[in-house]
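Visitor: I would like to learn how to read a two-chain model. Please show me the features one by one.

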Amino acid sequence: MDILKQISQYVVEGEPGELEELMRRALDQGSTARELLDGGLLDGMNQVGELFREGEMFVPEVLMSARTMDLGMEIIKPLLGEGDVKVAGKIVVATVKGDLHDIGKKLVCMMLEGAGYEIHDLGVDVSPEDICRAVEEIRPDLVGMSAMLTTTMTAMKETTEALRAAGLYDSVKVMVGGAPINAGFAEEIGANYSPDATGAVELANALMAS
Amino acid sequence: MKRNFPIDIEFRILDQEKIEKIHRASLRILEEVGIKVTGERMRGALAEHGAVMEAGDIVKIPSALVEKALATVPEVIRLYNRDGEQVGELGPERNIYFGSIAEQLEYLDYKTNTARRFTRDEMKIMCTLQDYLPNIAFTTSVGILGGVPAQLAGQIGFIEVVRNFTKNIHVVTSDVEALKDIVKIAADLAGGPEALAEKPLFVYYAEPIPPLLHPYESNERIAVCAEHGIPFTYMPYSMMGGTGPITQAGILAQNNAEVLAGLVMSQVIRQGAPYIYGSMPTVFDMKTTIGSYGAPEFHLNIAAAAEMAEFYGIPFYGSAAISDAKTIDPQSAAELEMTLFSAMLSKAGLVHDVGLLDHCRNISPMAIYLANEIIEQLKYYVRGVDVSDETLLLDVIGEVGPGGHYLEHVSTLKNFKKYWYPKVFERNMVNPEKSDLLEKGVEAIDTILATHVPAPLAPEKEAILARHEAELLSRVF
């Protein structure tokens with residue numbers, strides 16, 4: 001099997017095994033970091049995405065693949081030039097004010113990270129002011145908000161309003177999700193909805209492309 | 001109080017050794033890992049009673065404190081209606097009461113079998129239907145009523161349920177403030193705080209956030225209920241491999257630790273505060289990331305947790321007649337039956353969420369109507385087999401003899417009505433070519449809604465509700 005295919009296979013299997021050794025050997029033999037990234041690591045993650053959508057792979061396996069890809073990235077990062085690694089997008093993520101639930105948000109972060117996004121996770125119970133501040137400092141492409149309760153979903157509206165008041169709303173696209181949320185509510189508050197973590201990745205990609 | 005129906009059947013998931021192992025594991029979690037508790041009142045009460053306060057809001061609970069709480073928690077909890085009449089009893093005399101909810105995010109229209117947004121009109125339907133159906137003993141005001149300001153949804157929802165429902169009422173609120181308002185309304189209805197504590201006219205439902213988070217927003221509800229003598233459950237909803245360990249033993253131990261933590265918190269606020277063991281340890285579906293409501297392991301875990309509750313001598317709050325399917329279809333029908341069967345065999349006292357579909361997104365009147373029938377069916381299962389000289393009918397077998405028949409024997413005439421005759425399900429010799437069961441169900445629900453009127457609330461109580469409603473609305477408008 002050619003060496004790139006082997007690297008990609010390690011990512012799909014989520015098993016670092018001899019990944020490091022293999023990648024160093026490939027570099028010694030004259031492969032570029034860029035080739036290892038595109039033909040190996042990213043190729044593997046693309047397959048993972050497809051397998052997950054088809055129901056062939058499960059969340060913990062996807063997360064292991066993402067972790068394996070990270071290991072590979074560590075090796076080639078110093079060798080990659082400016083512009084070689086394109087971040088898919090920058091996103092600020094938070095569970096909104098008054099809400100302490102974060103398993104859904106964590107999952108979304110992990111999935112987005114696996115899809116190449118730069119994640120800034122502000123944690124739980126984050127006020128509209130703190131989200132605005134983070135947007136000002138980080139200048140993300142996207143803002144993701146999570147809420148588990150019907151009483152805290154109103155904080156999502158407060159946040160989109162605060163972003164508007166601060167003149168930041170037009171510089172970002174807002175994504176929301178969580179048990180009580182639906183597309184209608186998202187539209188009302190000027191946000192975009194996805195029902196689950198993979199949906200969030202697809203939504204983020206669509207928003208980045210638009 | 002007379003048992004609501006006889007149960008004479010053995011069903012066990014955990015033996016004594018397994019129960020004790022889980023118990024010891026939970027004690028170690030509380031003692032060695034600890035839980036995270038915020039809020040000065042609860043932290044103060046825990047510290048005062050010997051809990052160990054550590055950095056990062058971690059509180060470690062010594063086993064002795066758990067044992068002490070187990071010694072003071074009452075074994076029997078009486079259930080009342082809005083008028084302070086006793087309508088049930090939880091305790092060693094095994095009763096099972098099934099209940100549903102009064103509102104939800106979505107409503108599955110029983111006529112069209114399609115889901116839509118839940119509105120205030122549907123709450124009336126939920127109350128009337130559940131008030132009528134004999135196997136539904138309580139409904140729950142969930143605190144998410146649409147069409148009213150979110151911060152008042154719990155209070156207004158409760159008021160609406162009191163107006164329209166004559167059985168036992170359960171309450172969930174999205175925040176502590178709504179609970180405090182509801183306690184005030186209930187105290188006025190009961191005739192003062194002491195009368196409310198004597199005959200609490202609702203049961204409350206609170207939750208920690210697994211794993212092991214017990215923030216002010218959760219534990220203050222415990223404190224409010226404990227102070228006012230409101231029976232409540234403190235229900236960890238956890239997902240194996242997500243918010244709980246992936247093994248069933250592990251999640252049972254973690255959930256049990258959360259429940260024991262809630263118990264300790266209730267007893268350090270007030271010794272003898274009524275407490276109901278609740279646990280929802282489910283499967284985190286790694287394909288779709290839903291927390292499953294129809295998974296067999298979920299219901300096995302719930303029934304196992306009910307045995308932990310029995311071990312402690314605390315009533316159990318179960319969950320059944322629920323499904324991951326969105327509509328009335330083969331999947332939801334199968335999951336209604338499976339989950340009700342499990343609950344019926346388990347040691348649950350209260351069983352909530354009847355008719356909740358789409359993994360907790362919509363409520364279905366048709367599912368509640370069908371569950372009412374299935375519960376009736378299962379009563380005939382859990383009553384077991386009566387084996388005695390009278391029931392062996394040896395003399396009758398001798399009388400009839402080989403080749404005879406029992407159709408005309410007096411014993412047949414005397415006993416045949418003891419078996420179940422379905423009201424909804426059918427046993428026609430010649431069945432229709434196409435099932436008309438759901439069409440008949442629609443007609444039946446229509447008739448119930450058109451003819452059943454829950455007994456009206458006494459005028460002086462209605463006046464109390466109206467006064468509170470006006471005060472609540474004046475806060476926002």
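Guide: Keep in mind that this is a predicted model. Begin where the chains meet. Here 17 residues of chain B are in contact with 15 residues of chain A.

Visitor: What classes of residue make up the side of chain B that touches chain A?

Guide: That side holds 8 nonpolar, 7 polar and 2 charged residues.

Visitor: Let us turn to domains. Where do they lie in chain A?

Guide: Domain 1 of chain A covers 3-79, and domain 2 covers 89-209. Their centres, taken over C-alpha atoms, are separated by 29 Å. In the contact, domain 1 of chain A supplies 6 residues and domain 2 of chain A supplies 4 residues.

Visitor: Which elements give two or more residues to the domain 1 side of that contact in chain A?

Guide: They are helix 3 (33-53) and helix 4 of chain A. By class, the domain 1 side has 5 nonpolar residues, no polar and 1 charged.

Visitor: And what domains does the assignment give for chain B?

Guide: Domain 1 of chain B is 70-382, and domain 2 is 389-418. Taken over C-alpha atoms, the centres of these chain B domains are 45 Å apart.

Visitor: Next, sheets. What is the strand order in the sheet of 5 strands in chain A?

Guide: Read across the sheet, not along the sequence. The order is 2-1-3-4-5, the pairing is parallel, and the sheet is open.

Visitor: Why is one side of strand 2 and of strand 5 of chain A left without a neighbour in the sheet?

Guide: Strand 2 (117-121) and strand 5 (192-193) of chain A stand at the edges; each has a single partner strand, so one side of each lacks a neighbour in the sheet. Strand 1 (residues 89-95) of chain A runs parallel to strand 2 of chain A, and 5 bridges join them. One example to find: Ile91(A) has Ile119(A), in strand 2 of chain A, as its bridge partner.

Visitor: Which helix packs on this sheet?

Guide: Helix 9 (residues 197-209) of chain A does, touching strand 1, strand 2, strand 3 (142-146), strand 4 (173-177) and strand 5 of chain A. The direction of helix 9 of chain A makes about 165 degrees with that of strand 4 of chain A.

Visitor: How is the sheet of 4 strands in chain B ordered?

Guide: Its order is 8-7-20-19, with mixed pairing, and this sheet too is open. Strand 8 (115-117) and strand 19 (356-357) of chain B are at the edges. Strand 7 (residues 106-108) and strand 20 (residues 362-363) of chain B pair in the parallel sense over 2 bridges. Among the partners there, Glu106(B) is bridged to Asn362(B) of strand 20.

Visitor: Last, helix packing. At what angle do helix 4 and helix 5 of chain A cross?

Guide: Take the distance and the angle together. The axes of helix 4 (residues 59-76) and helix 5 (residues 103-114) of chain A come within 9 Å and cross at roughly 45 degrees. These helices of chain A are therefore oblique to each other. The crossing of helix 4 of chain A past helix 5 of chain A is left-handed. Val62(A), Leu63(A) and Ala66(A) of helix 4 meet Met110(A), Glu113(A) and Gly114(A) of helix 5.

Visitor: How do helix 11 and helix 12 of chain B pack?

Guide: Helix 11 (residues 330-345) and helix 12 (residues 365-382) of chain B pack at about 45 degrees, with axes 10 Å apart. Helix 11 of chain B passes helix 12 of chain B in a right-handed crossing. Their contact has 12 nonpolar, 1 polar and 1 charged residues.

Definitions and conventions
Residues are numbered from 1 along each chain as its sequence is written. Chains are lettered from A and ligands numbered from 1 in the order in which they are written. This is a predicted model: local features need pLDDT of at least 70, side-chain atom pairs count only at pLDDT 80 or more; totals for chains, interfaces and linings use all residues. Two residues are in contact if their C-beta atoms, placed from the backbone, lie within 7 Å. Ala, Val, Leu, Ile, Met, Phe, Trp, Tyr, Cys and Pro count as nonpolar, Asp, Glu, Lys and Arg as charged, and the others, Gly among them, as polar. Two strands pair if DSSP finds at least two bridges between them. Axes are lines fitted to C-alpha atoms, for helices over the stretch in contact, and angles run from 0 to 180 degrees between N-to-C directions. Angles under 35 degrees count as roughly parallel, over 145 as roughly antiparallel, 65 to 115 as roughly perpendicular and the rest as oblique. A crossing is left-handed if the near helix is turned anticlockwise from the far one by less than a right angle, and right-handed if clockwise. Domain bounds come from an automatic or database domain assignment.
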